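Visitor: Could you take me through one part of this model in detail? I would like to look closely at the largest pocket and what surrounds it.

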Amino acid sequence: ATLAGCAAGAYTGWLSGSGSTVVCVAPKQHALEVGKQMHAVYEANGHAARVFRLGVENDGLTVGEA
């Protein structure tokens, strides 16, 4: 699935933990296609899968006054 995701425009992908999660990191404009292609790999092999498109906060830690 990570190969399919990367072929669809993801920067990278990996198997997380013991195998229950496969993750790809992609630019926003490719996210839907990456998820679609990854899902297709599982479906073609008879496995159920769910796709979650998650955003990333790149501002880092911010501290404000209480």
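**The largest pocket and its lining**

Guide: Happy to. The largest pocket has a lining of 29 residues, and those nearest its centre are V22, V23, C24, F52 and R53. Please keep in mind that this is a predicted model. The space in this pocket comes to about 920 Å³. As for where the lining comes from, β2 (21-25) and α2 each contribute at least two residues. The largest share belongs to α2, which supplies 7 residues of the lining.

Let's stay with R53, one of the residues nearest the pocket's centre. R53 sits in the segment that follows α2 (31-44). With a relative accessible area of 57%, R53 counts as exposed, because that value is over the 50% cut-off. Leaving aside residues up to four places away in sequence, R53 is in contact with A31 and L32. For a sense of distance, take G17, which is 36 residues from R53 along the chain: their C-alpha atoms are 19 Å apart.

There is also a surface feature to look at. Y11, W14 and V25 together make a nonpolar surface patch of about 330 Å². Within this patch, Y11 belongs to the loop between α1 (2-7) and β1 (12-16). Y11 has a relative accessibility of 61%, so Y11 is classed as exposed too, again by the cut-off of over 50%.

Definitions and conventions: Residues are numbered from 1 along each chain as its sequence is written. This is a predicted model: local features need pLDDT of at least 70, side-chain atom pairs count only at pLDDT 80 or more; totals for chains, interfaces and linings use all residues. Side-chain values use heavy atoms; hydrogens and water are left out. Helices (H or I, at least four residues) and strands (E, at least two) are DSSP runs, numbered from the N terminus. Buried means under 20% relative accessible area, exposed over 50%, partly exposed in between (1.4 Å probe, protein chains only). Contact means heavy atoms within 4.5 Å. Patches are made of residues with over 30% relative accessible area and no salt bridge: like charges are joined within 9 Å, nonpolar side chains (Val, Leu, Ile, Met, Phe, Trp, Tyr) within 5 Å. Accessible areas come from the Shrake-Rupley method with a 1.4 Å probe; for residues, only the protein chains shown count as cover. A salt bridge is a side-chain nitrogen of Lys or Arg within 4 Å of a carboxyl oxygen of Asp or Glu. On a 1 Å grid over the protein atoms alone, a cavity is a set of points where a 1.4 Å probe fits but cannot get out, and a pocket is an open set with protein on both sides within 12 Å along at least five of seven lines; lining residues have an atom within 4 Å of a point. Grid points are joined across faces, edges and corners, and a volume is the space filled by probe spheres set on the points.
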